Amino acid sequence: MAELVPFAVPVAGDKTLLVWELSSGPTAEALQLSLFTVFSQFGLLYSVRVFPNAAVAGPGFYGIIKFYSARDAHRAQKACDQKQLFQTSPVKVRLGTRHKAVQHNTLALNSSRCQELANYYFGFNGWSKRIIKLQDLSNLEEREKEDIVTPLQKQSLKFFCAVEVVLPSHECRSPGVGMAEEPLDKLEEGSSFLMKRKVTQKLAIQKAMTDAFQKLLIVVLESGKVAVAYRPCEEATDARTEEELQDLIQTLFPRMNCSPAPNPSYRSSGVITDSVVTPNNRVMNE
């Protein structure tokens, strides 16, 4: 059965492992590194956290490990439960509790996390981004020409960005938009206006990248082969709530999508490549 891996923060219990009976000898930082080394062999990890036991449980630590893939979490649990791993005594590894009735709010991954997930499943050369438009909406020059005196604390830099994430081997392109605004009154001593401008541009690009990745679903088959599903997002972003940006979006995006799939619930690239995801974070060709 295929597994869908979204570009979202994993919250489901079947993607979370609880590790008990960690030794009290090493530090929490050392245990965190050891857990990451062991469990990252089974798949890409979102987070590894280590906490001291409650006083009633005695000395020692426990860990919480989150995978992006439930299948990877299940394999890791079966392989590591009641094993010594990196210490002299065995550890207990259990899957997190699954609450089917609880509806979790989906949190989008930030831009760097999205790129990490894309690199893992598609390979570093398996995808790319293209900036369609990066537009300054600050209108600071127009204000100066109109002799409008605006207090510094009310002035800000605002950039709109439109990008597309391209997956050539899957014949899929996903559009994304983002807008960033940074107040000028937060200019720190020693920083320049140009530096603030670059930071605002970077934030707009990152938000657009995140928006583009939210429309993609990674489809992992039992064989390890990977496909891509495209699902247009109906939720409005910050940029889309700005009436002044509607013309920009309508002009830029009509041509940027994937071919419709037979299933009306999402659009798919319709292509399954011969790439296979391996536990050591590489994409291999059969």
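Which residues does Thr-200 touch, not counting residues up to four places away in sequence? I will come back to that after the sheet and its helices.

This is a predicted model, in which local features need pLDDT of at least 70 and side-chain atom pairs count only at pLDDT 80 or more, while totals for chains, interfaces and linings use all residues. Residues are numbered from 1 along each chain as its sequence is written, and side-chain values use heavy atoms, with hydrogens and water left out.

A word on names: helices (H or I, at least four residues) and strands (E, at least two) are DSSP runs, numbered from the N terminus.

Now the sheet. It is open, has four strands in the order 3-4-2-5, and its pairing is antiparallel. Two strands pair if DSSP finds at least two bridges between them. Strand 3 and strand 5 stand at the edges with a single partner strand each, so one side of each has no neighbour in the sheet. Strand 3 and strand 4 are joined by seven bridges, in the antiparallel sense. Val-48, for instance, has Ile-65 in strand 4 as its bridge partner.

Helix 1 packs on this sheet and touches strand 2, strand 3, strand 4 and strand 5; its direction makes about 145° with that of strand 3. Helix 2 also packs on the sheet, touching strand 2, strand 4 and strand 5, and its direction makes about 155° with that of strand 5. Contact here means heavy atoms within 4.5 Å. For the angles, axes are lines fitted to C-alpha atoms, for helices over the stretch in contact, and angles run from 0 to 180 degrees between N-to-C directions.

Which residues of helix 1 are buried? They are Leu-31, Leu-35, Val-38 and Phe-39. These four cover an arc of only 80° around the axis, which puts them on the same side of helix 1. The arc is that of the directions from the helix axis to the C-beta atoms. Glu-29 and Leu-33, on the other side, are exposed. Buried means under 20% relative accessible area, exposed over 50%, and partly exposed in between (1.4 Å probe, protein chains only).

Back to Thr-200, which lies in helix 5, residues 193-213. Thr-200 counts as buried because its relative accessibility is 0%. With the sequence neighbours set aside as before, Thr-200 touches Leu-157, Phe-159, Ala-180, Glu-181 and Glu-182.

Asp-211 is also in helix 5, and counts as buried at 6% relative accessibility.
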